[in-house]
Amino acid sequence: MIKNIKNCFKTSALLLAGSFLLWSCESEADQLGSQFFDNIAAEGTAKAFDIIAYNVNNQDSIRTDAAKLTSATLGAFHESQFGLQKSNFVSQVRLSSYNPDFGTNPVVDSVVLEINPIYRADSVTTTTDENYVYPVGSVEAKKVVSTYPISRYGKANATMTLNVHEVDDFLGSSSDKVYSNQSVNYSTLLGSKAIAPKVSSVKITKKSDNTDLLSREARIRIPLDKDFFQSKLIAKQGQAELSDVSNFIRYFKGIRVSVQENDGYLFNFSPNDTQIVVYYKRDVTSNGATTAEPTSYTLTLGSGNARFNQIAFDRTGTPSATIANQASPNAQSGDAKIYAQGMGGPSVGIKIPEATIEELRTLYKNNKIGIVSAKVRLFTDTSVWNNSYAKPSTFVNYHYDATTKSKNLSEFLSDVSVFSAIGIADLIKGYNLTENPSYYDFTITQSIKNAVEQSTTMQDIVLEVGAFQVNKNNLSALIGPAYNTRAYTPNRVVLVGTDAANENRAKLNIVYSSK
């Protein structure tokens, strides 16, 4: 379809400003287009080309070791297109101090594993008990409980059971590469708890002077076997097992947190904030009297520990099972439906046919066109994906070789370089994502320009559910092409691929100017 830019806006005022913004019913032009409008009128042409979209099988595996888990996942979710995806968490445990002194006659009262999930802080429900009696000393107090919904992907109100087991295998170093299909032996059940999709903070204040008696942040708290920690930890006071980190992580090798059910939801949590708190009493003698003083000791699952997510899939009887069984990607003919799934699931392969590149090269050579905008448009496939599950809002992208089934993780696409980290979301932009159908525009203007104007090879591109990570010390810069959130982004979507009968099939939308 051909459109004259002059019908969309008045170019004269914009040209005087030395820049332009192209408003189009198809797709807005990106920031690369400004150099084609000097101080003369230009004609803009929009044209759509069919492209080859195909499924990329990632073998349902992805690196989920400590270096990749800025966030971690737990849960299980099953739906008809992708089947079951289930995530468990395995981690070493470290002492907060070595050769710890637990005091005289230490006796464990209780032990709790605390997990800090991502929750919606803006959706709080608060209950207040003005007549609460704090049990230690029977103190008159006020108790305030604030409850928040856990941010989750899957069923809205499912209850899931989390089980905690002792790990029997040495987990190695936090710098070791571990993939999501890594198995681990485990034995003793340390604790179990059914959790609703919500967490609560508790604050108890003394009525007489409003001082704090207890303050607990919003966490998932799983009670663990106190007798196990009495013998495994407290009874080892002064012994070699607790003398240094090397001995301890070989003595108490770690824990595995798993989900009992096969359907519910997936949620993210902070592995660095995960800890085991041992509450115990020890004898304290003062003025000739001995009393049992309550105290606590913390075991950390945070930074420095080897840890990883185990992610399991069961695609039996689902359409995406054909992708998992595919020997090679259909990079020459494409697939009618594209299955894109985070946490190791399949990705989207994009091939721009050589005939399309040659047509644009001819126009460039003969008509002196300038490419203003080039965007791949992908629609969701409402024939099979017509639900309320949150669609992916971000994708990462790499050059992909369908023959060797390898992607280039060492460099960004040339298109990424023209966007700052702050504006990187505009590179792949979703529209109407809460509706069906919705669509994504993926900007590849620089890649197309290079192929057309410099005769470089137009390589295939893979799109994967997730986002590039931003450098925390420089928010305008990305860390690097290999650093992203794929390992812990649970979203998925079915897209329309190369399907001649579907008007929403994958397209390349080009806007070019000719002087």
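Which side chain meets lysine 236 in a salt bridge? In this predicted model, the partner of lysine 236 is glutamate 241, with 3.5 Å from N to O. The legends below take up this pair and several other close-up views.

**View 1. The salt bridge between lysine 236 and glutamate 241.** The side chains of lysine 236 and glutamate 241 meet with an N to O distance of 3.5 Å, and the structure as a whole holds 23 salt bridges. Glutamate 241 has a relative accessible area of 22% and is therefore classed as partly exposed, since the partly exposed class lies between the buried class, under 20%, and the exposed class, over 50%. Side chains of opposite charge can pair when their charged atoms come close.

**View 2. A salt bridge between strand 1 and strand 29.** Aspartate 50 and lysine 507 form a side-chain salt bridge with an N to O distance of 2.7 Å. The pair joins distant parts of the chain, as aspartate 50 belongs to strand 1 (residues 43-50) and lysine 507 to strand 29, 457 residues apart. Aspartate 50 is partly exposed, with a relative accessible area of 39%, whereas lysine 507, with a value of 19%, is buried. Arg505 also takes part, as Asp50, Arg505 and Lys507 are linked in a network of salt bridges.

**View 3. The surroundings of lysine 68, a buried residue without a salt bridge.** Lysine 68 is placed in the loop between strand 2 (52-56) and strand 3 (72-79). The nearest side chain of opposite charge is that of aspartate 65, which is 6.8 Å away; because a salt bridge requires a nitrogen and a carboxyl oxygen within 4 Å, lysine 68 has none with aspartate 65. Aspartate 65 forms a salt bridge with arginine 63 instead, in which the closest N and O atoms are 2.8 Å apart, and both arginine 63 and aspartate 65 are buried. When its neighbours within four places in sequence are left aside, lysine 68 is in contact with Arg63, Ala482 and Tyr488.

**View 4. The largest nonpolar core, seen around isoleucine 276.** This core has 111 residues, and those with the most contacts inside it are Ile276 and Ile448. Its largest share, seven residues, is supplied by strand 15 (residues 265-286). Beyond its neighbours within four places in sequence, isoleucine 276 is in contact with residues including Val93, Val111, Val112, Leu113, Leu224 and Phe229, and the list also includes Ile255, Tyr297, Thr298, Leu299 and Leu301. Val167, Leu171, Val178 and Val184 are among the members of a second, separate core of seven residues. In soluble globular proteins, nonpolar side chains tend to be buried together.

**View 5. Helix 6 and the elements that pack against it.** Helix 6 (residues 445-453) is mostly covered, with eight of its nine residues buried. The buried residues are Thr445, Gln446, Ser447, Ile448, Lys449, Asn450, Ala451 and Val452, and Ile448 is also one of the residues with the most contacts inside the largest nonpolar core. The buried residues of the helix pack against helix 5 (354-367), strand 20 (370-379), strand 24 (439-443) and strand 29 (507-514). Just after helix 6, serine 455 takes a positive phi of about 55°.

**View 6. An open sheet of five strands with antiparallel pairing.** The strands follow the order 2-19-25-21-22. Strand 2 and strand 22 (406-407) are the edge strands, each of which pairs on one side only. Within the sheet, strand 21 (residues 395-401) and strand 25 (residues 460-465) are paired in the antiparallel sense over six bridges, and asparagine 397 has leucine 463, in strand 25, as its bridge partner.

**View 7. Backbone geometry at proline 437, asparagine 210 and lysine 368.** Most residues other than glycine have a negative phi, and most peptide bonds are trans. The peptide bond from asparagine 436 to proline 437, however, is cis, with omega near 0°, and proline 437 lies in the loop between strand 23 (428-431) and strand 24. Asparagine 210, in the loop between strand 12 (198-206) and strand 13 (212-224), has a positive phi near 65° and counts as exposed at 53% relative accessibility. Lysine 368, in the loop between helix 5 and strand 20, has a positive phi of about 55° although it is not a glycine, and counts as exposed at 60% relative accessibility.

Methods. Residues numbered from 1 in each chain as written. Predicted model: local features only at pLDDT ≥ 70, side-chain atom pairs only at ≥ 80, totals over all residues. Heavy atoms only, no water. Core = buried A, V, L, I, M, F, W, Y, C linked by side-chain atoms within 4.5 Å. Buried < 20%, exposed > 50% of the residue type's maximum accessible area, 1.4 Å probe, protein only. Helix = DSSP H or I, 4+ residues; strand = E, 2+ residues; numbered from the N terminus. Contact = heavy atoms within 4.5 Å. Lys, Arg positive; Asp, Glu negative; His and termini not counted. Pairing = 2+ DSSP bridges.
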